[in-house]
Amino acid sequence: PFVVPPNVRVPSILEKKNSGRWTTEEHLLFLYAIRLLGTGRGMWKKIGLFIPTRSKVQVRTHAQKVFQKQAQGIDVFEALRKNRQLTNYLVSQLTATAEAILAKAEEARQAKTLTSQLMNGSV
């Protein structure tokens, strides 16, 4: 079983916006998103969903730096292969958080619908 290393700060990766250097966790999620979604036009917003601690502009700028390294012949996806378990763990945490947010949003929508129906007398 995979044990989370003590230096991995999963809650921080889901909570606040960062500036400055990208953390290992952010970079792994970035690479994972690029592998999953590609880099076509308009993809930075979607890729940014995998890194909620960074803005769309920060994601695009990070991509430029990564692609420069790739153009120099550096294997930029090596980090994904070396950290497969950590990447899977981070993605599962991100997915669980997203599912919880969606569930709360659905509950709120249903409550609003029920309140509206009660007010209109249609229940």
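These legends go with a set of close-up views of a predicted model.

**View 1. Helix 4 from end to end, residues 56–71.**
Start with a quick sanity check on the geometry. At 1.5 Å a residue, the 16 residues of helix 4 should span 22 Å, and the C-alpha atoms at its ends are indeed 22 Å apart, so the two figures agree. Just past the end of helix 4 sits G73, whose phi is positive, at about 90°.

**View 2. The two sides of helix 4, with V59, H62, A63 and V66 as the buried set.**
Which way do these four residues of helix 4 point? Looking down the axis of helix 4, its buried residues fall within an arc of 105°, so they line one face of the helix. The general spacing rule is handy here: an α-helix has 3.6 residues a turn, so residues three or four places apart point the same way. Flip to the other side of helix 4 and you find K65, Q68 and A71, which are exposed. As for what sits on top of the buried residues of helix 4, the cover includes helix 2 (24–37) and helix 3 (43–48).

**View 3. A buried salt bridge between E26 and R54.**
The salt-bridge count for this model comes to three, and this view shows the one that joins E26 and R54, with N and O 3.0 Å apart. The two partners come from distant parts of the chain: E26 belongs to helix 2, while R54 is in the loop between helix 3 and helix 4, 28 residues away. Are the partners buried or exposed? E26 has a relative accessibility of 0%, so it counts as buried. R54 comes in at 3%, so R54 counts as buried as well.

**View 4. The salt bridge between R81 and D75.**
In this pair the closest N and O atoms are 2.0 Å apart. R81 has a relative accessible area of 41%, which means it is partly exposed. D75, at 38%, is partly exposed too.

**View 5. The salt bridge between E78 and K82 in helix 5.**
Here the closest N and O atoms are 3.2 Å apart. Both residues belong to helix 5 (residues 78–82) and are four residues apart, about one turn of the helix. E78 is partly exposed at 35% relative accessibility, whereas K82, at 63%, counts as exposed. In general terms, side chains of opposite charge can pair when their charged atoms come close.

**View 6. Aromatic pairs, beginning with Y32 and F50.**
A search of the whole structure turns up three aromatic pairs. One of them is Y32 with F50, a tilted arrangement with the ring centres 5.9 Å apart and 50° between the planes. What does this pair tie together? Y32 is in helix 2 and F50 is in the loop between helix 3 and helix 4, so the pair connects parts that are 18 residues apart in sequence. Y32 is partly exposed, with a relative accessible area of 25%, while F50 counts as buried at 17%.

**View 7. The ring pair of W44 and F67.**
This pair is tilted, with 6.4 Å centre to centre and 50° between the planes. W44 lies in helix 3 and F67 in helix 4, so the pair ties together parts 23 residues apart in sequence. W44 has a relative accessible area of 16% and is buried; F67, at 29%, counts as partly exposed.

**View 8. R35 over the ring of F77.**
Where does R35 lie relative to F77? R35 is placed over the face of the ring, 4.3 Å from the ring centre.

**View 9. L37 and its contacts.**
L37 has its place in helix 2 and, at 31% relative accessibility, counts as partly exposed. Setting aside neighbours within four places in sequence, L37 is in contact with M43, K46, I47 and F50. Take I47 from that list: it is ten residues from L37 along the chain, and the C-alpha atoms of the two are separated by 7.2 Å. F50, another contact of L37, is also the ring partner of Y32.

Methods: Residues are numbered from 1 along each chain as its sequence is written. This is a predicted model: local features need pLDDT of at least 70, side-chain atom pairs count only at pLDDT 80 or more; totals for chains, interfaces and linings use all residues. Side-chain values use heavy atoms; hydrogens and water are left out. The expected span of a helix is 1.5 Å times one less than its number of residues. Buried means under 20% relative accessible area, exposed over 50%, partly exposed in between (1.4 Å probe, protein chains only). The arc is that of the directions from the helix axis to the C-beta atoms. Contact means heavy atoms within 4.5 Å. A salt bridge is a side-chain nitrogen of Lys or Arg within 4 Å of a carboxyl oxygen of Asp or Glu. Rings of Phe, Tyr and Trp (its six-membered ring) pair if their centres lie within 6.5 Å; planes under 30 degrees apart count as stacked, over 60 as edge-to-face and the rest as tilted. A charge sits over a ring if NZ of Lys or CZ of Arg is within 6 Å of the ring centre and within 35 degrees of the ring normal.
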